[in-house]
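Good morning, everyone, and thank you for making room for me. I would like to walk you through one model slowly, giving the terms as they come up.

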Amino acid sequence: MDILHVSAECYPVAKAGGLGDVVGALPKYMNELGHTTRVVMPMYRTKFLYANEWEVVHKANTNMGNWWFEFTIIKEKTNKLGFELYLVDVNGLLDREKVYGYNDDNERFTAFQICVLDWLNAWAKKPDILHVHDHHTGLIPFMVKNCQKYRGLASIKTVLTIHNAQYQGWMPWNRSILIPQWDMWKWGMLDWNNTINPLASAIKCADKITTVSPSYLQELKWMSNGLEALFEYEKGKCVGILNGIDAKVWNPETDTYLQHHFSEHDYEAGKAKNKMLLCDQFSLDYDKPLIGFIGRLVGEKGADLLPQVISDSFYFIGRRMNFLVLGSGFPEVEARLSALKPLSQSDYNVYIGYNEGLSHTMYAGLDFLLMPSRVEPCGLNQMYSMRYGTVPMVRRTGGLKDTVIDFGDVNGYGICYNHASVPDVTHAVWRAAEVYHDKEKMKGIRQRMMNLDFSWESSVKQYIQVYSSLVM
Ligand SMILES: Nc1ncnc2c1ncn2[C@@H]1O[C@H](COP(=O)(O)OP(=O)(O)O[C@H]2O[C@H](CO)[C@@H](O)[C@H](O)[C@H]2O)[C@@H](O)[C@H]1O
């Protein structure tokens, strides 16, 4: 089968979160099964762009509303990522340093989608499947079915994967002129609550929808930022497929970001050395359990709970553990976490920002990884941490519920709690501090976790089944 993934992110080209990890891995594993999988994404000004060689494969003019512009499609010459990678260059609009966070993001991603479809119009061989990811590419299923200039693409089947339904790409109706001429009576396929809603539109128009875990699919029917009724209505074409992790990138034996490697057979010394590195760099106490958080500092991840959880843990449990936080997000949460720093007694530190290398060292060197998420469509961090022998402390929600079993249950290996609340998370911290000193128990937990299989192989087969149900 011939599949084209259209995405705003793809690791290692550009990554802001888990979407990048998934789009960087899934196509590679699909190709290993004999399919032809390509990725197209915007051309941002990233390190990867400057470090690799590119060839121009298409150049044309197009328009978005009454703005005419030139775009170029470039292809990475060597297919070094395990798939053909194409970037869309629109001068001044897409070629920025960050993936998101600009006032004109709606225009940027609409232009990106128009360029992709214009380019496909010109291709001799069309893909069997257009696989779009999240709201940034959510107008594509509508456009291939309803825009006059894309009539030739209407028979291509579309699949939407929802990594995060919180963000939907809302646009006021006066922006409808940005979409190439379309059949006006189909306006209902763009609309949700009197705005253009690209995610809702993709849910209505895509031939199949996948969510990144089975539990998240169920949760969306009662908690999806306003789309609950739509998920209930469209449930017949939805499937929950748990993400895998790229076991070639996330392998503690070969991880290029790690100074000290280890395996599931021999992890104690390796993990200890990585912990020592973190303790030296962040002035922490090696003898205490090291509990970390890695991620976007936003409400979905429960990051706003961290300052109070850390203070309460020290107050009620005692200064028996270290905390290390890596992340960026809401300025208020960043400020509160930074304000705790001067109160540290060599047991707390925070790194505000994005740092891929540090995240790998943390997965390897932490004893526990805290994930008090309010919403977690799948969550990759808990799977990375388990592969690296770090015990996940997760709220039972979405993909966290599907991947972590509490160590108190049969064959369990994590610490689980029901509520994203300060008392529940603080109680989990207490359990971590207690179990840490039970060396035999910790050993059993680590061995069980590190031998779990979260590789992409089985998930990829489920995606192929979804495609096959559409094209065969
Ligand atoms: N400051 C920082 N420095 C370095 N690395 C950082 C970082 N902040 C985050 N990361 C990294 O970004 C990734 C985040 O993965 P998540 O699964 O938590 O993603 P996210 O919520 O963005 O994605 C959404 O999509 C993914 C993929 O489908 C779902 O798993 C998830 O539940 C859903 O919310 C991990 O690789 C993590 O290490």
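Let me begin with how the elements are named: helices (H or I, at least four residues) and strands (E, at least two) are DSSP runs, and they are numbered from the N terminus. What you see is a predicted model, in which local features need pLDDT of at least 70 and side-chain atom pairs count only at pLDDT 80 or more, while totals for chains, interfaces and linings use all residues. Residues are numbered from 1 along each chain, as its sequence is written.

On confidence, pLDDT is the predictor's confidence in each residue, from 0 to 100, and for the protein chain its mean is 97, with 100% of the residues at 70 or more. For the complex, the predictor gives an ipTM of 0.98 and a pTM of 0.94.

Now to the ligand, where a residue counts as near if its C-beta atom, placed from the backbone, lies within 6 Å of the molecule. The ligand is surrounded by 26 residues, and the closest are Gly17, Gly18, His163, Ser359 and Cys378. Which element gives the largest share of this shell? It is helix H1, with 4 residues, while H1 (18-32), strand E12 (290-297), strand E13 (322-329) and helix H11 (356-365) each supply at least two. By character, the shell divides into 9 nonpolar, 13 polar and 4 charged residues; here Ala, Val, Leu, Ile, Met, Phe, Trp, Tyr, Cys and Pro count as nonpolar, Asp, Glu, Lys and Arg as charged, and the others, Gly among them, as polar. Because domain 1 (2-244 + 457-471) and domain 2 (268-450) both give residues to the shell, the ligand lies between them, with the domain bounds coming from an automatic or database domain assignment.

Let us turn to the sheets, where two strands pair if DSSP finds at least two bridges between them. In one open sheet, 9 strands follow the order E3-E4-E5-E2-E1-E6-E7-E10-E11, with mixed pairing. Strand E3 (54-64) and strand E11 (238-240) stand at the edges with a single partner strand each, so one side of each is left without a neighbour in the sheet. Within this sheet, strand E1 (residues 2-6) runs parallel to strand E2 (residues 36-42), joined by 5 bridges, and Val6 stands opposite Val40 in E2.

Another open sheet has 6 strands in the order E14-E13-E12-E15-E16-E17, and its pairing is parallel. Its edges are strand E14 (348-352) and strand E17 (415-417), each with a single partner strand, so one side of each has no neighbour in the sheet. E12 and strand E15 (residues 368-371) pair in the parallel sense over 2 bridges, and Ile291 stands opposite Phe368 in E15.

Two backbone details deserve a pause, and it helps to recall that most residues other than glycine have a negative phi, and most peptide bonds are trans. The peptide bond from Tyr11 to Pro12 is cis, with omega near 5 degrees, and Pro12 lies in the loop between E1 and H1. Asn194, although not a glycine, has a positive phi of about 65 degrees, and its place is in the loop between strand E8 (191-192) and strand E9 (195-196).
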